[in-house]
Amino acid sequence: MTDTLTIRRPDDWHLHFRDGVMMRDVLPYTARRFARAIVMPNLTPPVTTAELGAAYRERIMSAVPDGVTFAPLMTCYLTDNTNPDDLARGHAEGVFTAAKLYPAGATTNSDNGVTDVRKLDPVLARMETHGIVLCVHGEVTDHDIDVFDREAEFIERHLRRITSEFPKLKIVFEHITTSDAVNFVLDCGPNVGATITPQHLHINRNAMLVGGIQPHNYCLPVAKRETHRLALRKAATSGNAKFFLGTDSAPHERHTKESACGCAGIFNAPFALESYLQVFEEEGALDKFEAFASLNGPAFYGLPANEDTITLERVDVSVPDELKAGGSVIVPFHAGQRLGWRIVD
Ligand code: DOR
Ligand code: ZN
């Protein structure tokens, strides 16, 4: 039985750092383990221009602890008014690695998102030509669509059309939660991939709704029924190059989640690797972990894999009930539980 596992240093292809004090407090959890992260732009106000992206990157870099090497990969928040020239310039100048499509109202800080996906076509055309990756929060927002069906509906209404009208556009279908999404991505060409979070590999919707409402298991897209979780586990642990690590770690202060109108988002950064690795072990797929965590993402983005390595050993770790951050406390994913691997520092 393998008791240690050494892999190339991983990257996180979907992450929320926030800003200010919160960013300073949560950033080390990611930067000490991951070499790079695709940083989400849903700040208030959102990161909508190359100038804002460059300034946010500076703020992130100034929060990286001494002696730690870490590179934030910035994303541009797409709106109804995104200027394709500014986006293309931001990409050419190395500010933006990708652009993020939030349907307006789909999730936290998405109010400035896109109100009609079709209106984005000129921007998508430019992205296709320039090889700019489109990261998609794939949920429709229509009130008549059940929240558990919103991802599947987004595929039918938008992704099928986008992939057929922009066949070379690189698309990351983010934080997928359904077998519908797995199958859709598998049916597309190599220019369409997907990130999978730790929580969607560990929990189904019961974890949110059974035994009293569990706000710390609430994120968007919401966890679905068990068949979907099993399809995600199969995809993630398959070694298929289309699927890669993206935590969607999203810090919210404890009181904003334990509230009459609780925020969506799960803070998993402190034990993300240990959490994923537990899944790979349970699935008998430790040999596929490096592909998912460290190889498939860079290959999709056309970047080199990291040269340095990270070692994990089979030793139990206890996840604390809460962590201090942003002048407040956050309840991390797996709070109060034990995980079977730890990182060798
Ligand atoms: O649960 C979520 N939280 N889903 C998202 O898409 C956004 C994120 C956040 O920013 O808190
Ligand atoms: Zn996210």
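Donors are N, O and S atoms within 2.8 Å of the metal, a limit that is 3.2 Å for Na, K and Ca, and since water is not among the atoms, sites may look incomplete. The close-up views below are all taken from a predicted model.

**View 1. The zinc ion (ligand 2) and its protein donors.** In this predicted model, the zinc ion (ligand 2) is coordinated by NE2 of H14, NE2 of H16 and an OD atom of D248, at 2.0 to 2.1 Å. Along the chain these donors follow the spacing H-x1-H-x231-D. H14 has a relative accessible area of 1% and is therefore buried, the limit being under 20%, and H16, with a relative accessible area of 7%, is buried as well.

**View 2. The surroundings of D19, in the loop between β2 (12-15) and α1 (20-31).** The side chain of D19 is joined to the side chain of R59 by a polar contact of 2.7 Å; when residues up to four places away in sequence are not counted, D19 touches L43 and Y56 as well as R59. Between D19 and I60, which are 41 residues apart in sequence, the C-alpha to C-alpha distance is 8.1 Å. With a relative accessible area of 28%, D19 is partly exposed.

**View 3. E313 in strand β10 (residues 309-313) and its contacts.** A polar contact of 2.7 Å is made between the side chain of E313 and the side chain of R342. Leaving aside neighbours within four places in sequence, E313 is in contact with D3 and T4, and also with G340, W341, R342 and V344.

Terms used
Residues numbered from 1 in each chain as written. Chains lettered and ligands numbered in written order. Predicted model: local features only at pLDDT ≥ 70, side-chain atom pairs only at ≥ 80, totals over all residues. Heavy atoms only, no water. Helix = DSSP H or I, 4+ residues; strand = E, 2+ residues; numbered from the N terminus. Polar contact = N/O pair within 3.5 Å; in protein donor to acceptor, adjacent residues only side chain to side chain. Contact = heavy atoms within 4.5 Å. Buried < 20%, exposed > 50% of the residue type's maximum accessible area, 1.4 Å probe, protein only.
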